[in-house]
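Me: I am new to this structure. Please take a close look at one part of it, the salt bridges, and add the helix contact beside them.

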Amino acid sequence: MSPAVVTEKVALALRRTIRHPPPGAPTRVTLFDSSAVPNITIEEYVCRLATFCKASNECLYLALLYLDRFSARVGVMITPKNVHRLFFTSMLVSIKYWDDYYYTNEFYGGVGGIRLVEVNRLEQLFLRSVRYSLLFSPEEYAKYQQAVEALVPAEVAPAHRPVNFLHHDPVATHKMTGGYCVAATPSPGSTRATDSTQYAMSMSESEDESRDEEEGEDVEMTIVE
């Protein structure tokens, strides 16, 4: 299946998982939330990330798999305010785990419209939340690949109807900053984490201890009335 078609179907999968909390309902705040709904659609955003980050089809399938794993672990509802950052971070992790070469976080942040310091925090938080578990079975991967490929891009599914890609519960706030621009001449990193343990360990060792104390092991959330 062509990268363009896979990108379109992955965007559709994300669109179908988005939930809209009732007006006035208490919301939980995480680092993955923007203060307002980004002015770029999820379809445009996924296309932008896949194109400029040179993400393979495999990375896009894995991004959904890891996002599902994160959502099941944390219990976060996918909303218009957090879907961009959640998918950005999940795809960043999938690229670093799967691809032989990858760009710097500064480059990825430029593509995704997120400051470098926030990219680093989101990546660390995501990995801690899934307990640095990036391994997957061939059967698990095949399930996501087949589910994506079975989607019909033309269909418009109700926003409240979750698809079996993600598990959820409401959210809001934290700003997506920066323009949607690409760094001039990116240079890919020279190494790849050859397995999830190596990648996860390198992230864990470089993590700022103050963030650990501030956030704890999992995603901390604030209830906003």
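Reply: What follows goes through the salt bridges pair by pair and then turns to one helix contact. Keep in mind that this is a predicted model.

Start with the general idea. Side chains of opposite charge can pair when their charged atoms come close. In this model the count comes to 5 salt bridges.

Take Glu 43 and Arg 15. They form a salt bridge, with the closest N and O atoms 2.8 Å apart. The two residues sit in distant parts of the chain, 28 residues apart. Glu 43 belongs to helix α2 (residues 42-52), and Arg 15 belongs to helix α1 (residues 3-17). How accessible are they? Glu 43 has a relative accessible area of 34%, so it is partly exposed. Arg 15 is at 33% relative accessibility, so it also counts as partly exposed. The range for that label runs from 20% to 50%.

Next comes Arg 69 with Glu 140. Their closest N and O atoms are 3.1 Å apart, and the pair forms a salt bridge. This pair, too, links distant parts of the chain, with the two positions 71 residues apart in numbering. Arg 69 lies in helix α3 (residues 57-74). Glu 140 lies in helix α7 (residues 138-149). Is each partner buried or exposed? Arg 69 has 18% relative accessibility, so it counts as buried, because the cut-off for buried is under 20%. Glu 140 is partly exposed, at 25%.

Now look at Glu 118 and Arg 115. Their side chains meet in a salt bridge at 3.0 Å, N to O. Glu 118 has a relative accessible area of 5%, so it is buried. Arg 115 has 47% and is partly exposed. This pair is part of a network: salt bridges that share partners join Arg 85, Arg 115 and Glu 118.

Finally, the helix contact. Glu 118 falls within the residue range of helix α6 (residues 116-129). The axes of α6 and helix α5 (residues 105-112) come within 9 Å. They cross at roughly 105°. The two helices are therefore roughly perpendicular to each other, because angles of 65 to 115 degrees count that way. Which residues make the contact? From α5 come Asn 105, Glu 106 and Gly 109. From α6 come Leu 116, Val 119, Asn 120 and Glu 123. By type, the contact residues divide into 2 nonpolar, 3 polar and 2 charged.

Notes:
Residues are numbered from 1 along each chain as its sequence is written. This is a predicted model: local features need pLDDT of at least 70, side-chain atom pairs count only at pLDDT 80 or more; totals for chains, interfaces and linings use all residues. Side-chain values use heavy atoms; hydrogens and water are left out. A salt bridge is a side-chain nitrogen of Lys or Arg within 4 Å of a carboxyl oxygen of Asp or Glu. Helices (H or I, at least four residues) and strands (E, at least two) are DSSP runs, numbered from the N terminus. Buried means under 20% relative accessible area, exposed over 50%, partly exposed in between (1.4 Å probe, protein chains only). Axes are lines fitted to C-alpha atoms, for helices over the stretch in contact, and angles run from 0 to 180 degrees between N-to-C directions. Angles under 35 degrees count as roughly parallel, over 145 as roughly antiparallel, 65 to 115 as roughly perpendicular and the rest as oblique. Contact means heavy atoms within 4.5 Å. Ala, Val, Leu, Ile, Met, Phe, Trp, Tyr, Cys and Pro count as nonpolar, Asp, Glu, Lys and Arg as charged, and the others, Gly among them, as polar.
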